[in-house]
Amino acid sequence: MIESSPAKLPWSVSEIDYQAIEVDRIRPDRDLFYLLASASFIESGSDTYAGNLATYYAHTPEAADWLSRHWEAEELQHGLALRRYVEHVWPEFDWERGYARFFEEYRVTCSIDQFEPTEALEMAARCVVETGTAAYYRALEQASDEPVLRALTRRIANDEVRHYKHFYRFFNQFLDQEGLGRHRVLGALTRRLLEIKNEDAEIALRNVLRMERGVEEIPDQEVKALNSRVSAVIRKNLPIDMTVKMLLRPLHLHSGVERAVRKPLVAVVSRVMLH
């Protein structure tokens, strides 16, 4: 992995005016609390995943360097910005202890042996993840009328769309080298779409509940029920056309074929994504 200093970030947490948060407007919304706290955990753990990805692509210095200097730093900033928002609105929540417990579980899900078998397919899978996160933060922006939160989630969503473009460019570069057929790419997209967010979200929500309740044992069915409930907030506000367009792009479909598959894919995405 290349050792180099982080690049300049496109924006800074210092630009977010947390003192301007309309706390009374956002504080009573428990679903948004769960969504923001869990997202802050997941984003704050992204350095482990980014480090493993950079190792996986170590023989391609351009990709490894971008992952280490840009993607990792920006994802960690997302985590810090969300953490500060959560701590400002819900100061009674013990974020630090909750994150420590979350990370114990989360880090084992980031191992290289869970990556796709080729560089191109893993980049295709990353396109799905970036699609999901961009859609998630666009949905969060629409789910609240609190101005600081809307501005923050818009910044994060814009970062995720830009990240997607980088992963897509690297995907095409590796695809040219590997010469994989469309069915292999579709397999990678489908695998990652079917597992998107749910495992990470459930680990995060379990540890949010642990801190909230002050108990260790949280029944799995309660975590799943909460995940389903808060995901409905995202699903209701999901930018479905943007999501489908981003998911289809790595398949390099002709426009006529893309039009034909768009409607059934919308149905699949609506049913599967963040269910």
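Visitor: Leaving aside neighbours within four places in sequence, which residues is Asp159 in contact with?

Guide: Bear in mind that this is a predicted model. Asp159 sits in helix H7. Once the neighbours within four places in sequence are set aside, the residues in contact with Asp159 are Pro10, Trp11, Glu74 and His78.

Visitor: And does Asp159 count as buried or exposed?

Guide: Buried means under 20% relative accessible area. Asp159 has a relative accessibility of 3%, so the label for this residue is buried.

Visitor: Okay, now Asp24: buried or exposed?

Guide: Asp24 belongs to helix H1, which covers residues 23–26. A residue needs over 50% relative accessible area to be called exposed. Asp24 has 71%, so this one is exposed.

Visitor: How far apart are the C-alpha atoms of Asp24 and Glu146?

Guide: Along the chain, 122 residues separate Asp24 and Glu146. In space, the gap between their C-alpha atoms is 9.5 Å.

Visitor: What about the fold, how many helices and strands does the chain have?

Guide: Reading from the N terminus, the elements go α-α-α-α-α-α-α-α-α-α-α-α. That gives a tally of 12 helices and zero strands.

Visitor: What radius of gyration does the chain have, set against a compact globule?

Guide: The C-alpha trace spans about 55 × 45 × 35 Å along its principal axes. For 275 residues, a compact globule would come out near 19 Å. The chain agrees with that, since its radius of gyration is 18 Å.

Visitor: Which residues have the most contacts inside the largest nonpolar core?

Guide: Of the chain's 275 residues, 53% count as buried. The largest nonpolar core holds 89 residues, and helix H7 (residues 147–178) gives the largest share of this core, 13 residues. Inside that core, the ones with the most contacts are Tyr85 and Phe93.

Visitor: Which residues is Phe93 in contact with, leaving aside its neighbours within four places in sequence?

Guide: Contact here means heavy atoms within 4.5 Å. With those sequence neighbours left out, the list for Phe93 is Phe33, Ala37, Phe41, Val86, Val208 and Met211.

Visitor: Among contacts with a separation of 6 or more, what share comes from residues 24 or more positions apart?

Guide: Take the contacts in the chain with a separation of 6 or more as the pool. Pairs 24 or more positions apart make up 85%.

Visitor: Last one, on charges: how far apart do the centres of the positive and negative sets lie?

Guide: There are 36 positive and 43 negative side chains in the chain. The distance between the centres of those two sets is 6 Å.

Notes
Residues are numbered from 1 along each chain as its sequence is written. This is a predicted model: local features need pLDDT of at least 70, side-chain atom pairs count only at pLDDT 80 or more; totals for chains, interfaces and linings use all residues. Side-chain values use heavy atoms; hydrogens and water are left out. Helices (H or I, at least four residues) and strands (E, at least two) are DSSP runs, numbered from the N terminus. The radius of gyration is taken over C-alpha atoms; the globule rule is 2.2 Å times the number of residues to the power 0.38. Buried means under 20% relative accessible area, exposed over 50%, partly exposed in between (1.4 Å probe, protein chains only). Lys and Arg count as positive and Asp and Glu as negative; His and the chain ends are not counted. The place of a charge is taken as NZ of Lys, CZ of Arg, CG of Asp or CD of Glu. A nonpolar core is a set of buried Ala, Val, Leu, Ile, Met, Phe, Trp, Tyr and Cys residues joined through side-chain atoms within 4.5 Å.
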